[in-house]
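Open the model in your viewer and keep the selection box handy. We will go stop by stop.

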Amino acid sequence: MIEMNSTTAPQIRICTQMPVPSGLEGEAIKLALLENPSNLNSSTDPTRRIINRLWPRDRLLSVRLLGGTLSQRNKVHRYATAWTKHANLRLTFVDKDPAEIRVRFDPEKGTWSYIGTDALVVAQELPTMNFSWLGDGDDDAAARIVMHVFGHALGLVHEHRNEEGGIPWDRPAVCDYYKKTFEWSEDEVKKHIFDYYERDLSQFSSSVKGGSIMRFEVPDSMTTKHPIGETDGDFVNSCYPGMTGSMGIVEMHIDKGVASKTIEVEFPHKFMEPPGVAIGLKEINLVSGFPVVKVGVCEVSKENFQLDIHRPKEVAADVACNWMAIDTDDPDIQFGYSSTTNLTKILNLEQSSEYYDSVNFQRPFKSPPKVVIFLNDFDLTRGVIPRIAASVSTITTSGFYLTVKSWKQTQIHSAGVTWIAHSGDRADISSGTISTHDVRSLESQLRTSGSAGFSGMNCKTPPRVFMGFRKLNTYSSPPLHVRVGVEGISTTSFKWVIEGLDKCEVFTASADYILFA
Ligand SMILES: [Zn+2]
């Protein structure tokens, strides 16, 4: 990014990719690989063999603003976060150390940033980024500059192509600028500027033209309102694609008279390959009280998936379910679906039902994993109290036993359960079960709440929660309307609630959860 203000006396406004301090190059490479092993680019072409400086996917980066006017701080806050729409990274603005990105606003010190993980070699008391100008009231210019410089902080380098004759440097002016601003010698200017830009460099496989925000030269005429172009967005997405633990909640309404409905759900970040999608029911509102509902995932792509809902078409229904994407090659987590249509009915009692399944993992775990289960669908006897519970037993490295049962007068016509198994030695994943039994006995109640701790987890910010019912036993009168939810969450515990709505009292209910830091 370079702007010449006047042709007669060029005042250089140049963005500098800050090289790591002399002597710390080896440390910078070590940290880049430690932080994200895939930074090792093992190209056979030696000219392309570079160590990238990308952060790991889903990395939470803390940004600390050192000074600056309110307007400058607001601009950085507003435009920097625009990247997170495209990149599977999280930015949090903090007002004390530690912070990976530290932003200064010194008009004398040039506009620059370290590239990605190189910021880790810089002492905490020093900035990793500086803005010497921020568009001065021009929001479009400010947006371009902030996004461009934060592109560097995410690991992107200048996009440039050597036109015939190269960049028309005013060499003395450039040397003068770098001497005054960074105290660079002529050799350093040659190495970091003139030599660097003699090489063609393109991170974007398609074309440099079309206005990438990372282009080195930004013409004055470039005044797009949405400075992150498609190429930038796609490229940064390919550096930071979606991953296991990406999750959300879908609320679905289905009208009376319609047998089923399909909803398309977009992933927040595109995946490299279509992931698996696990779902769990977290709110059910069946107006008729007919205890019948079925939600299922179909057609998963890299960008989105389809969610189907079915239930008897005589009545309207509202359902909310949690979804979670799981990388199919994730070594630490697997999931699957079990349906009673494939299960063995072990008890043929006159009135209640009990089904049993022996579930095998697709790949064995190193040690017995933790397993959580979620009801996806059920079809129970109408006109009696809905009673259904799923449970897990005998977990080994290769599988577990799943039981789905009803009791008293309730029979299961069909039911489906999603299971998620995860290795227990990951400090960023935790799971468990919450139950009305944890806090009260079996009298019916509208609202039950409690708290669950996860102090063993390593959380810098409150984790994401995936939650869904595994057991339900509610009052039978229509409607059947229950929900499970999280009311507050910290870095060590969360407060949950299980609630019957529209006078639907809950005798007992339990839900499983899985947390991602
Ligand atoms: Zn730049």
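Select Val482 and Gly500: Val482 stands opposite Gly500 of strand β25. This is a predicted model, so read each stop below as a computed feature.

**Stop 1: the hairpin**

Extend the selection to residues 493-500, which make up β25. Its partner is β24, joined to β25 by seven bridges. The two strands run antiparallel. Now look at the link: three residues carry the chain from β24 to β25 in a hairpin.

**Stop 2: another partner of β24**

Keep β24, residues 480-489, and add β10, residues 276-286. Four bridges hold this pair, again in the antiparallel sense. For a landmark, pick Leu286, with Leu480 of β24 opposite.

**Stop 3: a six-stranded sheet**

Next, colour the strands of an open sheet in the order β9-β12-β11-β17-β20-β14. The pairing is antiparallel. Which strands form the edges? They are β9 (260-266) and β14 (333-339), each with pairing on one side only. Look along the sheet for its twist, which averages 25° from one strand to the next.

Zoom in on the β14 edge. Select residues 412-422 for β20, the strand that pairs with β14 over seven bridges. That pairing is antiparallel. Label Ile333 and His422: they are bridge partners, with His422 lying in β20.

**Stop 4: helices α2 and α3**

Hide the strands. Show α2, residues 70-80, and α3, residues 139-153. Their axes lie 9 Å apart, and the packing angle is about 65°. The crossing is right-handed. Turn on side chains for the contact. From α2, show Lys75, Val76, Tyr79 and Ala80. From α3, show Ala142, Ala143, Val146, Met147 and Phe150. Colour by class and you get eight nonpolar residues, one charged and no polar.

**Stop 5: helices α4 and α5**

Move on to residues 171-182 for α4 and 186-195 for α5. How far apart are their axes? The distance is 10 Å. The angle between these helices is about 110°, and α4 and α5 are therefore roughly perpendicular to each other.

Display the contact residues last. Val174, Cys175 and Tyr178 come from α4. Glu186, Val189 and Ile193 come from α5. By class, this contact has five nonpolar residues, one charged and no polar.

Note on methods:
Residues numbered from 1 in each chain as written. Predicted model: local features only at pLDDT ≥ 70, side-chain atom pairs only at ≥ 80, totals over all residues. Axes fitted to C-alpha atoms, helices over the stretch in contact; angles between N-to-C directions. Left-handed = near helix turned anticlockwise from the far one by under 90°. Contact = placed C-beta atoms within 7 Å. Nonpolar A, V, L, I, M, F, W, Y, C, P; charged D, E, K, R; others polar. Pairing = 2+ DSSP bridges. Parallel < 35°, antiparallel > 145°, perpendicular 65-115°, else oblique.
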